[in-house]
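Reader: Could you pick one part of this model and take me through it closely? Please give the cut-offs as you go.

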Amino acid sequence: MWFTPELTVTYRPRGTLKSLARQYFNYGRWRRVVAARHEGTINLRYLAPPVMVCATTAATLLGTRRRPALLVPAAYAAGIVLGGLASSRGQSPAVRARLPLGRGVMHWSWGIGFLTSPTALRAHRADLPDPEPLLDSTDAGG
């Protein structure tokens, strides 16, 4: 990996929750492909969204019979709201109100994308060779 100060990256914020959901769903799908191909890259941060989706869904279903299980989705919702409020201090009330919803969409979409990433996609991509480096060590100044 090389650091190139001349590299310019443009990020375009998504204009709708639907487009944000699609973006994060695809992030999740492809993160699972990367995890399958490069096992050493997976860590707890990448597993948090799919674990949250499974745990919150299971606790919600269980909560129909055992009310204390509903504390799990309630805790998630509270964490999203409180975290959104804490990280949006100084922003307009409209931004502060929307931030928790956006984060929830990101978490759920990423987690569902990871969990539903097709096996065929992972198998096909795992067969591809690693790309050649853009520069060799002599080109990189050392």
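Author: pLDDT is the predictor's confidence in each residue, on a scale from 0 to 100. This is a predicted model, and its chain has a mean pLDDT of 86, with 84% of residues at 70 or more. Local features are reported only at pLDDT of at least 70 and side-chain atom pairs only at 80 or more, while totals for chains, interfaces and linings use all residues. Numbering starts from 1 along each chain as its sequence is written, and side-chain values rest on heavy atoms, leaving out hydrogens and water.

First, the setting. The chain has five helices and zero strands (DSSP runs numbered from the N terminus: H or I of at least four residues for helices, E of at least two for strands). From the N terminus the order reads α-α-α-α-α. Confidence varies along the way: helix 3 (residues 71-87) has the highest mean pLDDT of the elements, at 96, and helix 5 (residues 119-126) the lowest, at 67. Where pLDDT is low, the coordinates should not be read in detail.

Of the contacts (heavy atoms within 4.5 Å) with a separation of 6 or more, 68% join residues 24 or more positions apart. Buried residues make up 23% of the 142 in the chain; buried means under 20% relative accessible area, exposed over 50%, and partly exposed in between, with a 1.4 Å probe and protein chains only. The accessible surface comes to about 10,300 Å², and carbon and sulfur atoms own 64% of that.

Now the close look, which I'd centre on helix 1. Arg31 sits in this helix, and with a relative accessible area of 11% it counts as buried. What does Arg31 touch, leaving aside residues up to four places away in sequence? The list is Thr41, Ile42, Tyr46, Trp110 and Phe114.

Take Ile42 from that list. It belongs to the loop between helix 1 (17-37) and helix 2 (44-62). Ile42 is partly exposed because its relative accessibility is 32%. It also joins Leu44, Leu47 and Val51 in a nonpolar surface patch with about 360 Å² of accessible area together. Patch members have over 30% relative accessible area and no salt bridge; nonpolar side chains (Val, Leu, Ile, Met, Phe, Trp, Tyr) are joined within 5 Å, like charges within 9 Å.

Helix 1 also holds Ser19, which is buried at 14%. The side chain of Ser19 reaches the backbone oxygen of Thr16, at 3.0 Å.

Over to helix 4 (residues 93-115), where Ile112 lies. What does Ile112 touch, not counting residues up to four places away in sequence? Phe25 and Val53. Ile112 is partly exposed, since its relative accessibility is 35%. Its C-alpha is 9.2 Å from that of Tyr24, though the two are 88 residues apart in sequence.

The backbone oxygen of Ile112 also lies 2.7 Å from a polar side-chain atom of Thr116. Thr116 belongs to the loop between helix 4 and helix 5, and at 42% relative accessibility it's partly exposed. Thr116 and Arg32 are 84 residues apart in sequence, with 9.3 Å from C-alpha to C-alpha.

To pull it together: around helix 1, buried Arg31 touches residues including Ile42 and Trp110, while Ile42 shares a nonpolar surface patch with Leu44, Leu47 and Val51.

Terms used: Accessible areas come from the Shrake-Rupley method with a 1.4 Å probe; for residues, only the protein chains shown count as cover. A salt bridge is a side-chain nitrogen of Lys or Arg within 4 Å of a carboxyl oxygen of Asp or Glu. A polar contact is a pair of N or O atoms within 3.5 Å; within protein, one must be able to donate a hydrogen and the other to accept it, and residues adjacent in sequence count only if both atoms are side-chain atoms.
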